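User: I have a model to go through. Can you take my questions as they come?

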Amino acid sequence: MFRIIKKSKKSKARLGVIKTAHGEIQTPFFMPDATRGVVKAVSSQDLRQIGVAEAVINTYHLYLQPGLKLITKTGGAHSFMNWNKPLLSDSGGYQVYSLIHKNHRLGKITDDKVIFHSPLDGAKHELTPERSIQIQFALGTDMIVCLDDCPPHDVSSAAMAKSVERTVLWAKRCKLEYEKQNKKYKRRPLLFAVIQGGTDLALRKICADALMDIGFDGYGFGARPVDGEGKFIGEILAGTAEMIPGNAVRFGLGIGLPEDIVRCVTMGWDIFDCVIPTREGRHGRLFLWKRNSKFQITNNKQISNHKFQIPKNFYDTININNAKFAKDFKPINAVSKLPELREYSRAYLRHLFKIGEPLGQRLASLNNLEFYLNLMEKIRQNIKLGKI
RNA sequence: GGGUCGGUGGCAGAGCGGUCAAAUGCAUGAGACUGUAAAUCUCACGCCUCACGGCUACGUAGGUUCGAAUCCUACCCGGCCCA
C-alpha cells in the first residue's frame, strides 16, 4: 500500500510511505541492487548497519541460480538472504534487453515469451509473463514487476512501438496471473508495470494509458533515455511522470546518478534502484559529499535559508586506484557512520584494490551506499521542509 | 679449467636476416560503468612531438650483409654437466 504524506508546492516531489509485509518504507527511496540475492561484496548485516531499508533482487537470475526449489525450501528470498526488510523483485525485463536485444545469440523474443540461453551454462530457458509473476510470488518479494520488453535506445520507431505493444500485452497477462497467485498465496505484493516508449513522449503516453487501463499499484519508467552523448534526457522522464496518477508509486528503474535522482524526485518519481553505487564502488570509485555542498540536511541552520534549486556539484568522486592516493593517509570517509570507513586510510584502501582484496570492494560499496542513503535522507528532509 | 645452454622493454617470456620500437601475460598510468553476463571493459605504456616524423634500443665490443634482436668473432655475466 502506498500513501502520500506530503506534496511539494515547489515541484512535483512528494513524500510517501509504502507499506509492505516486511515493514514500511519512506519515499522517495533508493534500493541497492542485489540481483543474484546479494548486494555484491556486502552482507545483509553490513546493509542493516548503514541503514539500507530495501533492496532489489532479480527474478531471472535467482530462477537460474540457485533455482526456485531451493529458495522455496528455505522459505523464500527473505530468509534465504537473511533479510527481513522489504524486497522488490525485478521481472527479468531488463535481461530481455541486456541478454537478447544486445546479443541475439543469447535468446529470442516472441510475442508469447522470451527464450533465454543462460549465460551461466548456455542452457535454454523460457520466460513468460505468467512465469515471471509465479517466480516472484515464490520468491516472496514485497513489490513485484511485470515482465516488459526493454529495447535499446537506438531501435527504429516501428520496433519501439512493437516493444510498447508487447509490454502492454505482457502486463495484461501479468496482472491476470497476479490475481491467480494472489488467491493461491493469500499475499498482495505491490504490482508495478513498466512504461516503455523510448524518447517518444507520444509513445510513452500510449503505453502509460494502456497500462493504467489495466491498473497497477505503481508504474515504472523503463529504458532510461539518453541523448547522442549518452546523457540523461529529463523531459521524457518529467513528461512520463505526469501521465501517472498521483496515488500510484512512480518507479525510476535503473536511475541512477545522484543528480539524476534529485531531478527525478522533483518530477514526482518516488523510488529508484541502480547498480552505480555498488558497481562503481567495486571498480574503485567513491562518492563523497563536497565539504561545502549547499545540498545539506536541512536542519543545519546555516543553509536552511537556502532557496532550493536542483543542486549541482554537491559531491565528488574519486578513483581510489589513482596513484595520488598511494600516500594519502586520510580516512576513507571522515564523516561516515561506519567506524571502518573512518579508521582505514585511503592509502590502505588503494592497497586493498591493488592487491585485489575483496575487503576493498566491500568498503567502497558501503561508502557509496551510505552516500546514496544520505542523499535520499537529504531529499526527504528537503521535501518535508518545503524546500524542494 | 673443459663442455653446454642461455643473456630481449619494470618483470616473465615470444621472436631467430627485412613486414620489429619488438607478440603475449603481469605490473604500471588513466578512463568508462545507470531495472548487474561486470572483482568487468577500454586506452596508454623506450625517448622527443598534438601529429607527420625523428632518435636511441634486444649483455658489451667488433664484424658479415643493401639490411642484424636474429649470422660470425672476442669478451663479460648466469644456469646445468664433467673435472
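The chat below covers a helix pair, a sheet and the RNA surface.

Analyst: This is a predicted model, where local features need pLDDT of at least 70, side-chain atom pairs count only at pLDDT 80 or more, and totals for chains, interfaces and linings use all residues. Residues are numbered from 1 along each chain as its sequence is written, and chains are lettered from A and ligands numbered from 1 in the order in which they are written.

User: At what angle do α8 and α9 pack?

Analyst: About 30°, with the axes of α8 (201–214) and α9 (234–243) 10 Å apart. Axes are lines fitted to C-alpha atoms, for helices over the stretch in contact, and angles run from 0 to 180 degrees between N-to-C directions. Helices (H or I, at least four residues) and strands (E, at least two) are DSSP runs, numbered from the N terminus.

User: Parallel or antiparallel?

Analyst: α8 and α9 are therefore roughly parallel, a label for angles under 35 degrees.

User: New topic. What is the strand order in the sheet with β8?

Analyst: The open sheet runs β7-β8-β9, with antiparallel pairing; strands pair if DSSP finds at least two bridges between them. β7 (107–109) and β9 (124–127) each have a single partner strand, so one side of each lacks a neighbour in the sheet.

User: How many bridges join β8 to β9?

Analyst: Four. Phenylalanine 116 has histidine 125 in β9 as its bridge partner.

User: And which residues come nearest to RNA strand B?

Analyst: Ser98, Pro119, Cys150, Gly254 and Gly256, out of 49 around the strand; near means a C-beta atom, placed from the backbone, within 6 Å.

User: Which element supplies the largest share of that surface?

Analyst: α5, with six residues.

Note on methods. Parallel < 35°, antiparallel > 145°, perpendicular 65-115°, else oblique.
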